[in-house]
Amino acid sequence: MALQVELIPTGEIIRVVHPHRPCKLALGSDGVRVTMESALTARDRVGVQDFVLLENFTSEAAFIENLRRRFRENLIYTYIGPVLVSVNPYRDLQIYSRQHMERYRGVSFYEVPPHLFAVADTVYRALRTERRDQAVMISGESGAGKTEATKRLLQFYAETCPAPERGGAVRDRLLQSNPVLEAFGNAKTLRNDNSSRFGKYMDVQFDFKGAPVGGHILSYLLEKSRVVHQNHGERNFHVFYQLLEGGEEETLRRLGLERNPQSYLYLVKGQCAKVSSINDKSDWKVVRKALTVIDFTEDEVEDLLSIVASVLHLGNIHFAADEESNAQVTTENQLKYLTRLLGVEGSMLREALTHRKIIAKGEELLSPLNLEQAAYARDALAKAVYSRTFTWLVGKINRSLASKDAESPSWRSTTVLGLLDIYGFEVFQHNSFEQFCINYCNEKLQQLFIELTLKSEQEEYEAEGIAWEPVQYFNNKIICDLVEEKFKGIISILDEECLRPGEATDLTFLEKLEDTIKHHPHFLTHKLADQRTRKSLDRGEFRLLHYAGEVTYNVTGFLDKNNDLLFRNLKETMCSSQNPIMGQCFDRSELSDKKRPETVATQFKMSLLQLVEILKSKEPAYIRCIKPNDAKQPGRFDEVLIRHQVKYLGLMENLRVRRAGFAYHRKYEAFLQRYKSLCPETWPTWAGRPQDGVAVLVRHLGYKPEEYKMGRTKIFIRFPKTLFATEDALEVRRQSLATKIQAVWRGFHWRQKFLRVKRSAICIQSWWRGTLGRRKAAKRKWAAQTIRRLIRGFILRHAPRCPENAFFLDHVRTSFLLNLRRQLPRNILDTSWPTPPPALREASELLRELCLKNMVWKYCRSISPEWKQQLQQKAVASEIFKGKKDNYPQSVPRLFISTRLGADDISPKVLQALGSEPIQYAVPVVKYDRKGYKPRSRQLLLTPSAVVIVEDAKVKQRIDYANLTGISVSSLSDSLFVLHVQREDNKQKGDVVLQSDHVIETLTKTALSADRVNNININQGSITFAGGPGRDGIIDFTPGSELLITKAKNGHLAVVAPRLNSR
Ligand SMILES: Nc1ncnc2c1ncn2[C@@H]1O[C@H](COP(=O)(O)OP(=O)(O)O)[C@@H](O)[C@H]1O
Ligand SMILES: [Mg+2]
């Protein structure tokens, strides 16, 4: 997909033009390059985005011109190497959106246009990859945009960091702590409508996954004098106005407040309670909501508001002098509210406000206060109440931000990101103790900046033996010493003056200063000044030449503010307060503590020393804020003002050091550790000295000699681009290494798995082979034993059954029987049968019969009735003729037919003559008459009761079965037969000689019909038959070659029957 970008000519803004997803910002390196290139081409108009690229880098004018060009195009950020310079635009530039955050995430610092988020992301990535604590130091004078930058940074981390596994609310709390602290600690000043009147250092804790898990805030010296007094055009702390503007009616009534700030003396001193740029009402809503987020209960909110209200009521307490000029409270109403809101006894408070308790020689003495003293006591109480409440508030927020599972193991591996937003350098018409402290603080931070950047960088080159031309810069250590040195420093002298017995005043302090440090080049007073300067200095003032410019301080109030004393009886009263917050703020142990508390200046000095230590322990990042004009106006570039800031912030020196120096230095070990994978000789381990390893590595990477230098313990790389190229190469290399590691790991993993499977397979195989082997062996053993038994049995097979031959004999038997099962005869005609062993002969025979019977039975069951009849007739034929008549065998294969003549072949007359008698069988025959043996063609019919001989249409002879005495045939192959008839039957003419071509069939049927099966005679040689009454005929049969029937000379019928082959 093509990257669609919209380039605004400055090259600073790049946007993916996508109608459906307008907010999704995808920035590939292509996009970045486009931006870079166009930024270069547009350089004339928008200047360079890193001052290091300025051609005339020593010229302040060129520097300012670059700032101006960029400012004109609303490009408020510019780098000096890693330091971000920011110019307050005083207008909303819409450059802190979620898209902008996404755009700067994970991108190389110098590849995208300068931005606060680039610093934020770089710091965060350093925190994560190197696991070192980081600190972002934001400096600049009041109104330059420090607090704004801090808020944007916090927002960036809250929105882009991964959410912690537990306690996701930390992100909200981190964000929401801000409006609360601002309400109580910020105020409108001449310099800034939202000026921080306290110093803030905030730690954000990240777990090892980079998720914010907790936070901690350190606050520094709240400018509490503001509670009771404001310069013209300034306001008290925001919270008072917010409460009066935004508080609900009900709340205000409860607190006894009116909605008008003008009614409160503490709010009217600056005469500007209302400012157009501030919306107190909506701010109050935000604060109220934030209080709930940071764990305030309703009761706590109520207690807190009571205190805020009580300060306002305190301001309205008036005194009047009685006749002895002792102060008396005249505003009973206020006193009543105070009593209720602070939860103290009215009379006690009244006394404490108008009297002072002194303990002298163990005795308490009450001395009345005059009007002035009473007002002082009242204001002191208001300041103490407010400032202690502020301290309590910070503690409360810290408890809510504290990581909830500090015990968990991940806690130990947390890293910390510090954000320092401390009040900026400030100069007013009247500067007092507070400005002195604030400016001293800025001196310290400038000193730290010098130490960490300019000085240390130069010292490092020296220590590393890198050829180097020193850059001159102003070291403000001398001013720091002037303020903080022991015995000789301003703070020491102030403390001394506060503590010494006798009449010490602000003016005696000034004198002491003049005495002690009169020769100091950065210190001046009216007395010490020359004629010309003296005019600009009052007698009660001293002037310090700060790194950021001259500031004249008025000593009035220095001693008091430094002592910060609260009368004992006021303290006692507050210790008895029923308001839980006051109870925590005023501790009774304070009353019994005899030791004098540290002075304010010393406390502040100590806390600053601590802060410096904290910051030194972390990797620093810098944001240098510049204020373009004093009028808080957008688009106005006040060159004088800006030049001044550029000067005192040391930006030019910073740039010079940067240009002369090297963009990047790194210990050899660390450098080698990070990049060793890029060179085959150093990867995976380098055995020699790290320095040599680095030398090999950079040679392999192709660094040119002018691009780097080798120091004693570090490598110095001159240009960022060299480093980028190396970083890019590392990124690519990492990918391939990761792939390789993955591949190796996968290979290893799968090989392990494979080996496991293989081992298992071998195990199963061997077990199975074992099992198979054992089975086979057992089988062989069994086989051998069996064979042996068989042989033994075979030898003894004829012996009587004994253990030795039993097996053999049984085997023979079973194998015969099993064999038999397979070789049974297939049908009845199959006579095969296996030969049985001797012991089974009988059984075999029985089995054979059984088998045969079974087959027969089966056969019989399967035959049809017609076939049964056929067989029955055949059986009868066999019984009669088998082995007796020569042509019988020929008849066996021919089927008997139910009748040889159909109804059509028999004359209807004959049928008529037979009447109802059915014809069971009819066959054509030849009849030989009894005398001449003439052959005549006839039909032979069988009825249920008689044999009928038919000639054409005439029944020639009827022989009832009862009269049929027998049938005679010859044993030869002729087909003649004689039916013997009862002689007594006179109707009969004698026996009948007939010849049938189907003699066996005809005779069998006739015998069956007439029930004369046993009456068939088969004769050899001749048959005698009755030829008529008293006369017998004889038929002689002789075998011959062919059938011949003739009348012989002896009057016999001679039949020559052919010899058949079968005989
Ligand atoms: N980056 C910025 N964009 C827009 N306005 C800004 C920016 N930085 C500062 N301002 C304006 O300047 C005012 C003062 O800034 P602030 O951060 O409070 O100053 P400081 O903390 O340095 O005294 C803010 O209230 C805001 O109106
Ligand atoms: Mg601020």
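A polar contact is a pair of N or O atoms within 3.5 Å. The views below show a predicted model.

**View 1. Ligand 1 and the residues around it.**
An oxygen atom of ligand 1 is 3.3 Å from a polar backbone atom of Ala144. For Gly143, an oxygen atom of the ligand is 2.7 Å from a polar backbone atom. With Asn88, the side chain takes part: one of its N or O atoms is 2.8 Å from an oxygen atom of ligand 1. In total, 16 residues surround ligand 1, and Asn88, Gly143, Lys146, Thr147 and Glu148 are the closest of them.

**View 2. The magnesium ion, ligand 2.**
Thr147, through OG1, and Ser196, through OG, coordinate the magnesium ion at 1.9 to 2.2 Å. Thr147 belongs to helix 6 (residues 146-160) and Ser196 to strand 7 (residues 195-196), so the pair ties together parts that are 49 residues apart in sequence. Buried means under 20% relative accessible area. Thr147 has 13%, so Thr147 is buried. Ser196 has 10%, so Ser196 is buried as well.

**View 3. Strand 8 and the strands paired with it.**
Eight of the eight residues of strand 8 (residues 199-206) are buried, so this strand is largely enclosed by the rest of the structure. Both of its faces are covered: Gly199, Tyr201, Asp203 and Gln205 are buried on one side, and Lys200, Met202, Val204 and Phe206 on the other. Strands of a sheet pair through backbone hydrogen bonds, either parallel or antiparallel. Strand 8 runs antiparallel to strand 9 (residues 212-220), and eight bridges join the two. One of the residues with a bridge partner in strand 9 is Gln205, whose partner is Gly214. The hairpin of strand 8 and strand 9 has five residues between the strands, and Gly210 in this hairpin takes a positive phi near 85°. Strand 8 also pairs with strand 14 (residues 415-421), again in the antiparallel sense, over seven bridges. Here Lys200 stands opposite Asp421 of strand 14.

**View 4. An open sheet of three strands.**
The strands of this open sheet follow the order 15-16-17, and their pairing is antiparallel. Strand 15 (523-525) and strand 17 (549-554) are the edge strands, each pairing on one side only. From one strand to the next, the twist averages 25°. Strand 16 (residues 541-546) and strand 17 are joined by six bridges. Leu545 has Glu550 of strand 17 as its bridge partner.

**View 5. Two helices across the open sheet.**
Helix 17 (residues 433-464) lies across strand 16 and strand 17, and runs at about 15° to strand 16. Helix 20 (residues 506-517) lies across strand 15 and strand 16, and runs at about 130° to strand 15.

**View 6. Val123 and its contacts.**
Val123 is a residue of helix 5 (residues 116-130). Its relative accessibility is 5%, so Val123 counts as buried. Leaving aside residues up to four places away in sequence, Val123 touches Gln134, Val136, Tyr157, Leu417 and Ala621. Among these, Leu417 falls within the residue range of strand 14 (residues 415-421). Leu976 is 853 residues from Val123 in sequence, and the two are 143 Å apart in space, C-alpha to C-alpha.

Key: Residues are numbered from 1 along each chain as its sequence is written. Chains are lettered from A and ligands numbered from 1 in the order in which they are written. This is a predicted model: local features need pLDDT of at least 70, side-chain atom pairs count only at pLDDT 80 or more; totals for chains, interfaces and linings use all residues. Side-chain values use heavy atoms; hydrogens and water are left out. Donors are N, O and S atoms within 2.8 Å of the metal (3.2 Å for Na, K and Ca); water is not among the atoms, so sites may look incomplete. Helices (H or I, at least four residues) and strands (E, at least two) are DSSP runs, numbered from the N terminus. Buried means under 20% relative accessible area, exposed over 50%, partly exposed in between (1.4 Å probe, protein chains only). Two strands pair if DSSP finds at least two bridges between them. Axes are lines fitted to C-alpha atoms, for helices over the stretch in contact, and angles run from 0 to 180 degrees between N-to-C directions. Contact means heavy atoms within 4.5 Å. A residue is near a molecule or strand if one of its heavy atoms lies within 4 Å of it. A polar contact is a pair of N or O atoms within 3.5 Å; within protein, one must be able to donate a hydrogen and the other to accept it, and residues adjacent in sequence count only if both atoms are side-chain atoms.
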